[in-house]
Amino acid sequence: MKPSSPPLRSFLFAPGNHARRVANALSLDADVVILDLEDAVATAEKRTARGAVAAALSRPRRSLLYVRVNAADTEFCYGDLVAIVGSGLDGIVLPKVESATALATIDWLLAQLEREQDLVPGAIDLIPIIETAGGLTNLDIILAAGTRVRHAAFGAGDFTLDVNMAWSRTEAELAFARARIATASRAAGIEAPLDTVWVDLADEEGLEMSARTALGFGFQGKMCIHPKQIAPVHRALRRETQRSRMRSGWSRRSPRRKPRAVPRSSSTANSSTTRSFTGRKGFWKRLRPFAQRTSSDD
């Protein structure tokens, strides 16, 4: 298993082409900020947004700083990586991963760029987002590709669209995908995965419920689309973790009930019968007289 790091509870997205939102995100207490070059940036602005994201990598911040690039099979992914890989970049978020080949290709490209930039080999993290039926089906192969991946992420928005699934408030329909991703991550020896975003900004209770559900499935954190989601996510994960620790501690402290001692002798028929059947010796003691009578009859 790869070395583990402290749990990452919150991953806050910020549009890479919006300077004010980027500056605000870097001042917050999210565990990770993800500057987005994919969904949050219009196609016509994707190339120009790279420069703004690259400049943001050198700014002071309180969190780790990742960049979500465009998918590996788009015309933008290569240019995104070339523009942003350098000092100050903690990781890459790669969307819509469906094959081990695509993931291995991006991992190889990162290795070449790290070498050109005199960076520590493998220092830049790589998080694949599983958000299609193909990605979920091929997940075991994807995570066994021998890349730098330390944790995977789940994207329910595109996943439910891909499989024509209704995304409800209870998220009961996401149970299979969540269990699949958590189990595959464990089997691959990587860290616990990251859960999907919660899109209803007005429903804080639903957000906390979603975070607790994800933690129950074995996820370590949740992606966020607005700064006001950070505190509820941290609160939900902290409470559930504390409850889990309390249950674990109670289990460790609970004394095991000792088996009741069986008396060596008794004048009652019930205690005699109980004694004779409490183990092999008692059983054979009861059987021996019968065996002797049988042999003498012969």
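Which residue of β5 does Gly-91 stand opposite? Gly-91 stands opposite Asp-125 in β5, and that pairing is a good place to start a tour of this structure.

First, some ground rules. This is a predicted model, with residues numbered from 1 along each chain as its sequence is written, and local features need pLDDT of at least 70, side-chain atom pairs count only at pLDDT 80 or more, while totals for chains, interfaces and linings use all residues. Side-chain values use heavy atoms, with hydrogens and water left out.

**Around strand β4**

Helices (H or I, at least four residues) and strands (E, at least two) are DSSP runs, numbered from the N terminus. Strand β4 covers residues 91-94. Its neighbour β5 (residues 125-130) pairs with β4 in the parallel sense over 4 bridges; two strands count as paired if DSSP finds at least two bridges between them. To get from β4 to β5, the chain passes through helix α4 (residues 100-116), and this β-α-β crossover is right-handed. Right-handed here says that, with the strands pointing away from the viewer, the path from the first strand over the helix to the second runs clockwise.

Strand β3 (residues 64-68) is also joined to β4, running parallel to it, by 3 bridges. Here Val-67 has Ile-92 of β4 as its bridge partner. With helix α3 (residues 77-84) in between, β3 and β4 make a right-handed β-α-β unit.

Are the faces of β4 covered or open? Both are covered: Gly-91 and Val-93 on one side, and Ile-92 and Leu-94 on the other, are all buried. Buried means under 20% relative accessible area, exposed over 50%, and partly exposed in between (1.4 Å probe, protein chains only). In a regular strand the side chains alternate between the two faces of the sheet.

**Around strand β2**

Strand β2 (residues 32-36) tells a story of its own. Because 5 of its 5 residues are buried, β2 is largely enclosed by the rest of the structure. Val-32, Ile-34 and Asp-36 point one way from the strand, and Val-33 and Leu-35 point the other way.

Strand β1 (residues 10-15) runs parallel to β2 and is joined to it by 5 bridges. Leu-12 has Val-33 of β2 as its bridge partner. Between these two strands the chain crosses through helix α1 (residues 19-26), in a right-handed β-α-β crossover. β2 also pairs with β3, in the parallel sense, over 5 bridges. There, Val-32 stands opposite Leu-64 in β3. The way from β2 to β3 leads through helix α2 (residues 46-56), and this β-α-β crossover too is right-handed.

**Individual residues**

Here are some residues and their relative accessibility.

| Residue | Relative accessibility | State |
|---|---|---|
| Asp-36 | 2% | buried |
| Thr-43 | 55% | exposed |
| Cys-77 | 2% | buried |
| Asp-118 | 72% | exposed |
| Cys-224 | 0% | buried |

Asp-36 lies in β2, and its side chain reaches the backbone nitrogen of Ala-40 at 3.1 Å. A polar contact is a pair of N or O atoms within 3.5 Å; within protein, one must be able to donate a hydrogen and the other to accept it, and residues adjacent in sequence count only if both atoms are side-chain atoms.

Thr-43 sits in the loop between β2 and α2. Its C-alpha atom is 9.4 Å from that of Phe-76, with the two residues 33 apart in sequence. Asp-118 belongs to the loop between α4 and β5. The C-alpha atoms of Asp-118 and Ser-87 are separated by 9.1 Å, and these residues are 31 apart along the chain.

How many disulfides does a search of the whole structure find? The search finds 0, where a disulfide is a pair of cysteine sulfur atoms within 2.5 Å.

**Helix α8**

The last stop is helix α8 (residues 175-188), whose 14 residues should span 20 Å at 1.5 Å a residue; the end C-alpha atoms are 20 Å apart, which agrees. The expected span is 1.5 Å times one less than the number of residues.

The buried residues of α8 are Ala-177, Arg-178, Ile-181, Ala-182, Ala-184 and Ser-185. Seen down the helix axis, they fall within an arc of 165 degrees, so they line one face of α8. That arc is taken from the directions from the helix axis to the C-beta atoms. An α-helix has 3.6 residues a turn, so residues three or four places apart point the same way. On the other side of α8, Phe-176, Thr-183, Arg-186 and Ala-187 are exposed. Just after the helix, Gly-189 takes a positive phi of about 75 degrees.
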